[in-house]
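Student: I have a protein model open in front of me, and I would like to learn how to read it step by step. Could we go through it together, beginning with the surface and then working inwards?

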Amino acid sequence: MKLLTEKARISCDHQTGSVEIFASQTLVFIQDARVLVATDVLMPKPILACPNIGPGLKPCALTVSPHKGLSELLFIDGQAACLDTLEGVTDGAPPPPPAPVLPLVPPGFKYRVRLAGQEFVEADA
């Protein structure tokens with residue numbers, strides 16, 4: 001798994017919706033880009049240009065805390081490093097189903113890493 005840098009491309013399921021993330025730590029760089037850590041992704045982040053627009057649709061506008069993709073072995077200044085397996089849900093929603101469908105699954109779309117922002121450094125989860 002590759003470490004994520006501030007040059008990473010993270011998007012919602014609609015692929016053109018881009019998650020806006022800024023690196024907070026200033027200790028570790030890969031190819032002149034700061035490595036992302038947990039505090040960079042745990043708070044909701046804006047998603048720009050999600051094309052999920054139309055009647056009954058809610059475009060992805062914010063991320064929700066990730067459910068995977070933080071290293072359990074590599075820490076930078078006490079914060080877990082982010083890996084290219086980073087994934088979570090957004091606040092976007094598909095149109096509601098015409099009738100209740102069981103089991104009820106919470107609506108929403110995922111966000112995930114498309115590019116790590118570097119190709120050289122890997123780490124274990």
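Tutor: Let us begin with the outside: the protein exposes about 7,100 Å², and carbon and sulfur atoms supply 62% of that area. Please keep in mind throughout that this is a predicted model.

Student: What are the spans of the C-alpha trace along its principal axes, and how much of the protein is made up of buried residues?

Tutor: Along its principal axes the C-alpha trace spans about 50 × 30 × 20 Å, and of the 125 residues in the protein, 38% are buried. As for the contacts with a separation of 6 or more, 66% of them are between residues 24 or more positions apart.

Student: Which secondary structure elements does the protein have, and in what order do they run?

Tutor: The protein has one helix and eight strands, and read from the N terminus on, the order is β-β-β-β-α-β-β-β-β.

Student: How do I read the way in which strands such as β6 and β7 pair?

Tutor: A general idea helps here: in a regular strand, side chains alternate between the two faces of the sheet. In this structure, β6 and β7 run antiparallel and are joined by six bridges, and one pair to look for is L70 with its bridge partner C82 in β7. The hairpin that these strands form has two residues between the strands, and in it D77 takes a positive phi near 50°. From there you can go on to β8, which pairs with β7 in the antiparallel sense over three bridges, with V89 having K110 in β8 as its bridge partner. Finally, β1 and β8 run antiparallel and are joined by four bridges, and S11 stands opposite R112 in β8.

Student: Where are the nonpolar side chains gathered, and which residues have the most contacts inside the largest core?

Tutor: In soluble globular proteins, nonpolar side chains tend to be buried together. Here the largest nonpolar core has 18 residues, and those with the most contacts inside it are L4, I10, V19, I21, L36, C60 and L86. The elements that give two or more residues to this core are β1 (9-12), β7 (79-90) and β8 (110-115). There is also a second, separate core of eight residues, which includes L3, V37, A81 and A123. If you return to V19 and leave aside its neighbours within four places in sequence, you will find it in contact with I10, S11, K45, P46, I47, T63 and Y111.

Student: How many disulfides does the structure hold?

Tutor: A disulfide is a covalent bond between the sulfur atoms of two cysteines. This structure holds zero disulfides. C12 is in none, for the nearest cysteine sulfur, that of C50, is 3.8 Å away, whereas a pair must lie within 2.5 Å to be counted. C60 is likewise in no disulfide, with the sulfur of C50 as the nearest cysteine sulfur at 3.9 Å.

Student: Are C12 and C60 buried or exposed?

Tutor: The cut-off for a buried residue is under 20% relative accessible area. C12 therefore counts as buried, at 0% relative accessibility, and C60 is buried as well because its relative accessible area is 3%.

Student: Is E87 buried or exposed, and what is it in contact with?

Tutor: E87 lies in strand β7, and it counts as buried because its relative accessibility is 11%. Beyond its neighbours within four places in sequence, E87 is in contact with P66, H67, K68, K110, Y111 and R112.

Student: Where is Q118 placed, and which backbone atoms does its side chain reach?

Tutor: Q118 is in the segment after β8, and with a relative accessible area of 2% it is buried. A polar atom of its side chain lies 2.9 Å from the backbone oxygen of L3, and the side chain of Q118 also reaches the backbone nitrogen of F120 at 2.7 Å. Leaving aside neighbours within four places in sequence, Q118 is in contact with K2, L3, T5, I30 and Q31.

Student: Is L73 buried or exposed?

Tutor: L73, which is in strand β6 (residues 63-76), counts as exposed because its relative accessibility is 62%. Not counting residues up to four places away in sequence, L73 touches D124 and A125. To practise reading distances, compare L73 with I30: they are 43 residues apart in sequence and 18 Å apart in space, C-alpha to C-alpha.

Terms used:
Residues are numbered from 1 along each chain as its sequence is written. This is a predicted model: local features need pLDDT of at least 70, side-chain atom pairs count only at pLDDT 80 or more; totals for chains, interfaces and linings use all residues. Side-chain values use heavy atoms; hydrogens and water are left out. A nonpolar core is a set of buried Ala, Val, Leu, Ile, Met, Phe, Trp, Tyr and Cys residues joined through side-chain atoms within 4.5 Å. Buried means under 20% relative accessible area, exposed over 50%, partly exposed in between (1.4 Å probe, protein chains only). Contact means heavy atoms within 4.5 Å. A polar contact is a pair of N or O atoms within 3.5 Å; within protein, one must be able to donate a hydrogen and the other to accept it, and residues adjacent in sequence count only if both atoms are side-chain atoms. Accessible areas come from the Shrake-Rupley method with a 1.4 Å probe; for residues, only the protein chains shown count as cover. Two strands pair if DSSP finds at least two bridges between them.
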